[in-house]
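User: I am new to this structure and would like to look closely at one part of it. Please start with how two of its helices pack, and then show me what lies around them.

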Amino acid sequence: MANTEQTLFAKRFRGFFPVVIDVETAGFNKATDALLEIAVSVLKMDDEGLLSIDHTVHFHVEPFEGANIEQAAIDFNGIDPFSPLRGAVSEDEAIKEICKVVRKAQKAAGCQRSVVVAHNAAFDHGFLNAAIERNNIKRTPFHPFVSFDTTSLAGLALGQTVLAKACRAAGIEFDNKQAHSALYDTERTAELYCLIVNRWQQLGGWPLAEEVPEEIDQNDDSEDSAAKTTE
């Protein structure tokens with residue numbers, strides 16, 4: 001099964017390995033505001049090419065030195081950044097462990113690069129990239145700018161763009177009381193992403209009727225050139 005799984009995964013997203021992420025932060029500015037919580041759901045693919053959650057890693061994160069903390073953000077997500085009960089780890093430790101976990105899963109799936117999947121992906125991806133840069137992490141599996149946004153996918157597939165409403169439209173249970181926890185939101189986003197991708201396959205949208213000619217596919221790789229320096 002392993003070889004089949006790897007081959008299917010590599011073919012499905014052109015060698016990209018989708019990784020679902022959610023962050024909770026102390027504001028909207030990725031450069032100045034603290035990253036407080038991050039969770040990552042790693043996906044797996046069965047012999048039929050259907051996606052599901054494999055496992056999720058989750059960290060409470062200590063604010064980096066000099067980080068800005070907006071009171072409005074704290075009031076919204078209910079996180080006390082300095083509570084010892086959080087069991088928070090340093091940003092450096094959290095990001096390095098996430099990169100290690102993702103790199104291992106990416107290799108097992110036969111893929112060459114991991115791509116952030118998130119709801120309003122630019123926000124989560126931006127904070128992840130800022131943390132990677134801030135901690136001078138050179139060996140990262142993540143593509144620096146390509147992402148898959150479940151906001152757009154849910155708008156197309158379900159006519160909803162709010163995560164809670166999209167999940168309910170898809171028949172995925174969503175508890176508003178648990179929302180705005182990185183762990184909870186990541187796993188609901190992962191379920192939503194898997195459902196949409198799997199439904200597309202079940203409706204006959206994948207595999208494609210005709211494969212893209214290799215020479216055209218190679219010409220379309222120019223957008224990936226900037227990523228090579230971080231591999």
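Analyst: Helix 5 passes helix 7 in a left-handed crossing (the near helix is turned anticlockwise from the far one by less than a right angle; clockwise would be right-handed). This is a predicted model, in which local features need pLDDT of at least 70 and side-chain atom pairs count only at pLDDT 80 or more, while totals for chains, interfaces and linings use all residues. Residues are numbered from 1 along each chain as its sequence is written, and side-chain values use heavy atoms, leaving out hydrogens and water.

Helix 5 covers residues 150-158 and helix 7 residues 182-202; they pack at an angle of about 50°, and their axes are 10 Å apart. Here axes are lines fitted to C-alpha atoms, for helices over the stretch in contact, with angles from 0 to 180 degrees between N-to-C directions. Helix 5 brings Thr150, Leu153, Ala154, Ala157 and Leu158 to the contact, and helix 7 brings Thr189, Leu192, Tyr193 and Ile196 (contact means heavy atoms within 4.5 Å).

Now step back to the whole protein. It has eight helices and five strands, which from the N terminus on run α-β-β-β-α-α-β-α-β-α-α-α-α. These elements are DSSP runs numbered from the N terminus: H or I of at least four residues for helices, E of at least two for strands.

The strands come next. Five of them form an open sheet in the order 3-2-1-4-5, with mixed pairing (two strands pair if DSSP finds at least two bridges between them). Strand 3 (51-60) and strand 5 (142-149) are the edges, each pairing on one side only. From one strand to the next, the twist averages 30°.

Follow the pairings one by one. Strand 1 and strand 2 run antiparallel and are joined by seven bridges, with Val42 in strand 2 as the bridge partner of Val19. Val42 also stands opposite His55 in strand 3, where strand 2 and strand 3 pair in the antiparallel sense over nine bridges. Those two strands make a hairpin with five residues between them, and Gly49 in its turn has a positive phi of about 85°. Strand 4 (residues 113-118) pairs with strand 5 in the parallel sense over four bridges; there Val117 stands opposite Phe148 of strand 5.

Helices pack on this sheet too. Helix 3 (residues 91-108) lies across strand 1 (16-25), strand 2 (35-45), strand 3, strand 4 and strand 5, and runs at about 5° to strand 2. Helix 4 (residues 121-134) touches strand 1, strand 2, strand 4 and strand 5, and its direction makes about 165° with that of strand 5. Strand 2 is mostly covered, with ten of its eleven residues buried, while 46% of the protein's 231 residues count as buried (under 20% relative accessible area; exposed is over 50%, partly exposed in between, with a 1.4 Å probe and protein chains only).

One residue to find on your screen is His60, which sits in strand 3. His60 is partly exposed, at a relative accessible area of 26%. Its C-alpha atom is 4.5 Å from that of Glu37, although the two are 23 residues apart along the chain. Beyond its neighbours within four places in sequence, His60 is in contact with Leu36, Glu37, Arg86, Gly87, Ala88 and Val89.
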